[in-house]
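Student: I would like to go through this model term by term, asking each time what justifies the label.
Tutor: Then let us set each value against its definition before drawing a conclusion.

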Amino acid sequence: MDRQHSKLILVIDDNEENVDIIVNKLHHVGYEVISAEDGEGGVELARGRNPGLILLDIMLPKMDGWEVLEQLKSHEQTKDIPVIFMTAYTTIHFEGERRRAIDSGATDYLKKPFELQKLAELVGRHLPL
């Protein structure tokens, strides 16, 4: 990983309020955070900025999180970036969805709403400062 961007996190989420809350928390902890509001923009930013970690919502306009993950993992430049899925879309089959995410290349899977401290700890585990 390019050490220059090791503290850079890309948040791909179409809910502006969620993004603002996440950005504020992660800035407070010491990370640099950029965001995209749709899947296409997220893939473009990931390729252009090479973040150290991506927080990815599943339900997105233009390209859903599953498609974004597939695009990221199939591209040499972005295939090794850790991706944490975030979703409010949880079913009674949560473990199956989590397993699908991990099997598809995601690093972890976080249900919304989540505690900001838990998010910061999870991010720190995959992208230490």
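Student: Which residues of helix 5 (residues 116-126) are buried?
Tutor: In this predicted model, the buried residues of helix 5 are Leu119, Ala120, Leu122 and Val123.

Student: What makes these buried residues line one face of helix 5?
Tutor: Looking down the axis of helix 5, one finds its buried residues within an arc of 165°, so they line one face of the helix. The general background is that an α-helix has 3.6 residues a turn, so residues three or four places apart point the same way.

Student: What covers the buried residues of helix 5?
Tutor: The cover includes strand 1 (8-12), helix 1 (16-29), strand 3 (53-57), strand 4 (83-87) and strand 5 (108-111).

Student: Why is Thr87 called buried?
Tutor: Buried means under 20% relative accessible area, and because Thr87 has 0% relative accessibility, Thr87 counts as buried. Thr87 belongs to strand 4, and, leaving aside residues up to four places away in sequence, Thr87 touches Asp57, Ile58, Tyr109, Leu110, Lys111 and Lys112.

Student: Why, then, does Glu76 count as exposed?
Tutor: The cut-off for exposed is over 50%, and Glu76 has 62% relative accessibility, so Glu76 counts as exposed. Glu76 is placed in the loop between helix 3 (65-73) and strand 4.

Student: How do you know that strand 3 is mostly covered?
Tutor: Of its 5 residues, 5 are buried, and both faces of strand 3 are covered, with Leu53, Leu55 and Asp57 buried on one side and Ile54 and Leu56 buried on the other. As general background, in a regular strand the side chains alternate between the two faces of the sheet.

Student: What makes strand 1 and strand 3 a pair?
Tutor: Pairing requires at least two bridges, and strand 1 and strand 3 have 4 bridges in the parallel sense, with Leu10 opposite Ile54 in strand 3. Strand 3 is likewise joined to strand 4 by 4 bridges, and these two run parallel; here Leu55 stands opposite Ile84 in strand 4.

Student: Which residues have the most contacts inside the largest nonpolar core?
Tutor: In this core of 21 residues, they are Ile12, Ile54, Leu56, Val68 and Phe85. Helix 3 gives the most to this core, with 4 residues. Apart from it lies another core, of 18 residues, among them Leu55, Leu119, Leu122 and Val123.

How values were computed. Residues are numbered from 1 along each chain as its sequence is written. This is a predicted model: local features need pLDDT of at least 70, side-chain atom pairs count only at pLDDT 80 or more; totals for chains, interfaces and linings use all residues. Side-chain values use heavy atoms; hydrogens and water are left out. Buried means under 20% relative accessible area, exposed over 50%, partly exposed in between (1.4 Å probe, protein chains only). The arc is that of the directions from the helix axis to the C-beta atoms. Contact means heavy atoms within 4.5 Å. A nonpolar core is a set of buried Ala, Val, Leu, Ile, Met, Phe, Trp, Tyr and Cys residues joined through side-chain atoms within 4.5 Å.
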